[in-house]
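Reader: I'd love a close look at the aromatic rings in this protein, and at the charged side chains that go with them. Please walk me through them one by one, as you would at the bench.

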Amino acid sequence: MCYDASARSPAAFTQELGRIHQGSRFRRSLLLIDQLEEVMTLASDRERELFFEALNDALTRNSRFWVVATVRVEFLRELLDSAHADLFQNPVAIGAIGRSQLTQVVQGPGSLVGMDFAPGLAETIADEAGTNDALPLLAFLLQELYFATGPGATVTEDLYRRLGGVAGALARQADHAVSELSDAGGIDPVLRVLLKFVTIEGQQATRRRVTLAELTAEERHIVDAFVDARLLVTTVGNGELDDGRAQAHVAHEALFRQWPPLRQAVEVGAERLRRRAELERWADDWQWSGRSADYLLTGERLALAQRWLAALEEAGQATEGVRSLVDASRSRDLAFLRRVSESVGRHVLANPEQDPELSVLLSLAALGECAATPVARRALFTALAFSQLRAELTGHTDTIRHVAWSPDGRRIATASRDGSARIFDAGSGRCVTVLEGSGAMVEMVCWSPDSTMVATASRDRVVRLWEVASGTVVRVLTGATDAGRGVAWSPDGQWLAGTFRDMVVRVWNAATGELAHELHGHREDVWGVAWSPDGTRLATASHDRTAVIWDVTSEAAVLTVAGHTDFVEGVAWSPDGSSLATSSGDHTIRITDTTTGQLRLLLRGHTDYVWNIAWSPDGRQIASASSDRTARVFDTCDARPLAVLRGHRDTVWGVAWSADGTRIATGSADSTARTWDVRPRGAENVLIAGHGQPVNQAAWSPDGQRIATASDDGTVAIWNAATSEEISRSERHRDRIWDVAWSPDGERLATGSSDRSAQILNGDRDELLDHRNTAVEAVAWSPDGRRVATGGHDAVLHVWDVATRAELAALVGHQTWIGGVAWSPSGRYIATASDDRTCRIWDVPANEAWTVLRGHENYVDSVTWSPDEQRVATASGDWTVGIWDVATGHRSGALRGHEGRVRDVDWSPDGATIASASDDRTVRVWSAETGEELGVIGVHQDKVVAVSWSPDGRSLLTASRDGTARVWPADPDLDSLQAFARNRVVRTLTEEERRHHMLPSAP
């Protein structure tokens, strides 16, 4: 009552005393305060001040009020040095009591409850109580003796010894409490909880009160066990309800001095406990101030608090009050927030592909809740470059065993072990129909070729046909004697095939439901089933480790696919019917020739069972689902892994392609299905992904309406710059194409290739510029469109007359390959970039070198002219962009910031900005005047090898080794990008993730 009153205000306690004394002028009051040191150890500075002010005010105003307080002598100095020292003048020191007095301490309480001691036992107990903890140990011992004997009985020496004596009674009781907690996981969790009840003041360990509401259910279980053992006491049950304010504390401080396990834990963690006490005082002061911003931590103090809190979190000793203080302080400390933003950004940049969804969430938090640092901005671009998630399909309550995309691309069907199938809108992810049968687990679902019906296979031994529009059952196909596993509709819609646990494959007439064929031959459970594209054959997969290809008409097995070393469940035909893919519990996918049975390709990469597989519509890729919680995409030509789809929280069972081949659907044991972009859509406005291999160059047409790309696949393609629709493709080169450039009139293309030629492409015609046994890496048109300059592995700059294809000049000077060629705006000069670490400027009319630019420390890969022809910029393998004065040949600046080889550089049409592309996967823009990095405006999944400005200067076009070309806004809207990113995630950061990355608590 006194403590609560003082907490409200000092005068409140005096008023309470006045009420008590009202009506009696002679009534006196005595306040006994035991363990006054707890005011120093458990109270905040503000609480302590109010408490002593209340006492002082009451003693000053009321002469009939007396106070007697006891305090441990080691805390007396702290009281005498405080602002309230006048309250503690002339203290009475009570020395250690002697043996005879200790004997009275033993016998006196016993006589009050009718408990006697055997002759000489009280003296023995007094002799053995010779420690600093004599009184608390005796108090606990007497309590245990009383509970063991009851009133009116005599304590024998045998009972005393069985309880462990003075020193052992408490330790024995603690050991017993631990043994009763067999489900706690050993003594370590118990000690972690008990340390919450200890604090350190100076060099002394003292009791600490703990609010029960702050404990977890597991921690409360441990506390209750120690309360039952009378080692902890709680206010619950003593007139106070457990309303969230109830507390507990140790019954005797001897517990953490006399029980060895806890004593050792206190000694080891003393510094951490001392720091916790300090943090709690800071938190209490902040709370008492009304959470004033003036009490928040900043700078080094905040950094120190953060380190201390991290250690407490690891030890399970952090409190909510301390967390709240540190979180609020972080939010106010801009420098700290900037450091957190950069730290989070660097974490994302290190491994964005490991958990793309988490990377997006962290980047958004760094930008939106901390500070919009360049690192965090780049992290968001990078996270989006790897983010393939489009939507999460929810509604099922158990494992989704299979997914199927409708042939018209509009809907997705799922089969679940919750006993239902569902139809989702593929665009929005909204569930439009629920198909519920008998309640038996549904193992597989498939679409009719016209997308109007689905068929399901379930464990109740039947296949059901459903009308999608109404959600009603049209037909039930029977005949099986065991659980249904798989179902597949023939390409012509006439037949339905089903697989079953009874090892029989059945084929029904879809229109009549009549059983037409039974295929026997598998020796174990049959799962996967798929029709050949021409509908004449059926493939099935079994736990007998084989897949079988059947001639349906004759019911004969025409080919058995063996080789897997574990069960086979997934089976899929290539679109042309020449190959069969199978997936197995042996973690592999095998692609087999369907005519010869020969293994064509073995795909590895999964680290657990591979359940299902699906070919892309063009047959160039295959997707797989696995117990390693991923779906993966492989190249079916060379087994190259193309993508890993991460995000499901449990086994991925099903996988399916959209009809256009741009998206994948997956189903998981986490009860969700997801849709994914095969090619991630990031911050770009336009994605061009039609090449199957790296793109080496991308170029704008002069009017900005078209884009030309050159690829390792040996083709040049032209695309609509706004829609990314392919317009045409040339396959005239026989090898990798390094470069492509538009003529000034936009009618022709020049290309350079590893097939040792350059070509002028003009519609259906092409003109060969024969380079006689040397690869051509660079091509460039003169401003008037009459000449083309080329450079390659012969280290010679060639100038050609386009009309006659005659070589006008062969300029020698470079020591090794030429990788970049650029005409000056006037057409008088050509700049070349070479692996000899130089850039040369050539006077074209004079056919001679004008100047040599030296200074790079690695290959020079590319060169670009400023619009005024006064400067050039060079991209180099030394990770820099060089700025050079053409007239003097001196380097006037270096743009530093890339973290890898700089492959290409381009000057903006207005001359104000320079764009660069690098092996670090980024596209960056720089001020041409100051050299300041203006920002990262794009990120690819792999090296960026080309960059060019659009004719209007508003967009940048890039080409990458990731097989794409992309168009980026030159000045991206970060707010819009963050809004876009929020639509690419289906969850929020957990509190644990926030704490791990030092982010503020969730708003």
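Author: Happy to. A charge is said to sit over a ring if NZ of Lys or CZ of Arg lies within 6 Å of the ring centre and within 35 degrees of the ring normal. Keep in mind that this is a predicted model. With that rule in hand, look at F500: R506 lies over the face of its ring, at 5.1 Å from the ring centre.

A second case brings us to the tryptophans. The charged end of R417 sits over the ring of W653, 5.2 Å from its centre. The ring of W653 also has an aromatic partner, W611: the two ring centres are 4.2 Å apart, and because the planes stand at 35°, the pair is called tilted. W611 belongs to strand β31 (residues 610-615) and W653 to strand β35 (residues 652-657), so the pair links distant parts of the chain, 42 residues apart. Both rings belong to buried residues: W611 has a relative accessible area of 9%, and W653 has one of 11%. Follow the ring pairs outward and you find a cluster made of F567, Y609, W611 and W653.

Now go back to R417, since this residue has a second role in the picture. Besides sitting over the ring of W653, R417 is part of a network of salt bridges together with R401, E443, R459, R485, D525 and E569. If you colour the charged side chains in your viewer, R417 is thus where the salt-bridge network and the ring of W653 come together.

The tryptophan pair has company elsewhere, as the structure holds 11 aromatic pairs. Another one of them joins F52 and F88, with ring centres 5.6 Å apart and planes at 80°, so this pair is edge-to-face. The angle decides the name here, because planes over 60 degrees apart count as edge-to-face. F52 lies in helix α4 (residues 45-61), while F88 lies in the loop between α5 (76-80) and α6 (99-112), so the pair ties together parts that are 36 residues apart in sequence. F52 is buried at 2% relative accessibility, and F88 is buried too, at 13%.

For contrast, here is a tryptophan that takes part in a surface patch. W66 joins L30, L32 and V68 in a nonpolar surface patch of about 450 Å². The elements giving two or more residues to the patch are β1 (29-33) and β2 (65-69). L30, which lies in strand β1, is exposed, with a relative accessible area of 54%.

One more tryptophan turns up as a neighbour. S834, in strand β52 (residues 829-834), counts as buried at 0% relative accessibility. Among the residues that S834 touches are W817 and Y859, along with H814 and I818.

To finish with the charges, the model has 51 salt bridges. One of them joins R208 and E280, at 2.2 Å from N to O. R208 lies in the loop between β6 (204-207) and β7 (210-211) and E280 in helix α15 (residues 270-288), so this pair ties together parts 72 residues apart in sequence. Both R208 and E280 are buried. In the salt bridge between R263 and E267, the N to O distance is 3.9 Å; R263 is partly exposed at 29%, and E267 is exposed at 53%.

Definitions and conventions
Residues are numbered from 1 along each chain as its sequence is written. This is a predicted model: local features need pLDDT of at least 70, side-chain atom pairs count only at pLDDT 80 or more; totals for chains, interfaces and linings use all residues. Side-chain values use heavy atoms; hydrogens and water are left out. Rings of Phe, Tyr and Trp (its six-membered ring) pair if their centres lie within 6.5 Å; planes under 30 degrees apart count as stacked, over 60 as edge-to-face and the rest as tilted. Helices (H or I, at least four residues) and strands (E, at least two) are DSSP runs, numbered from the N terminus. Buried means under 20% relative accessible area, exposed over 50%, partly exposed in between (1.4 Å probe, protein chains only). Patches are made of residues with over 30% relative accessible area and no salt bridge: like charges are joined within 9 Å, nonpolar side chains (Val, Leu, Ile, Met, Phe, Trp, Tyr) within 5 Å. Accessible areas come from the Shrake-Rupley method with a 1.4 Å probe; for residues, only the protein chains shown count as cover. A salt bridge is a side-chain nitrogen of Lys or Arg within 4 Å of a carboxyl oxygen of Asp or Glu. Contact means heavy atoms within 4.5 Å. Lists of a residue's contacts leave out its neighbours within four places in sequence.
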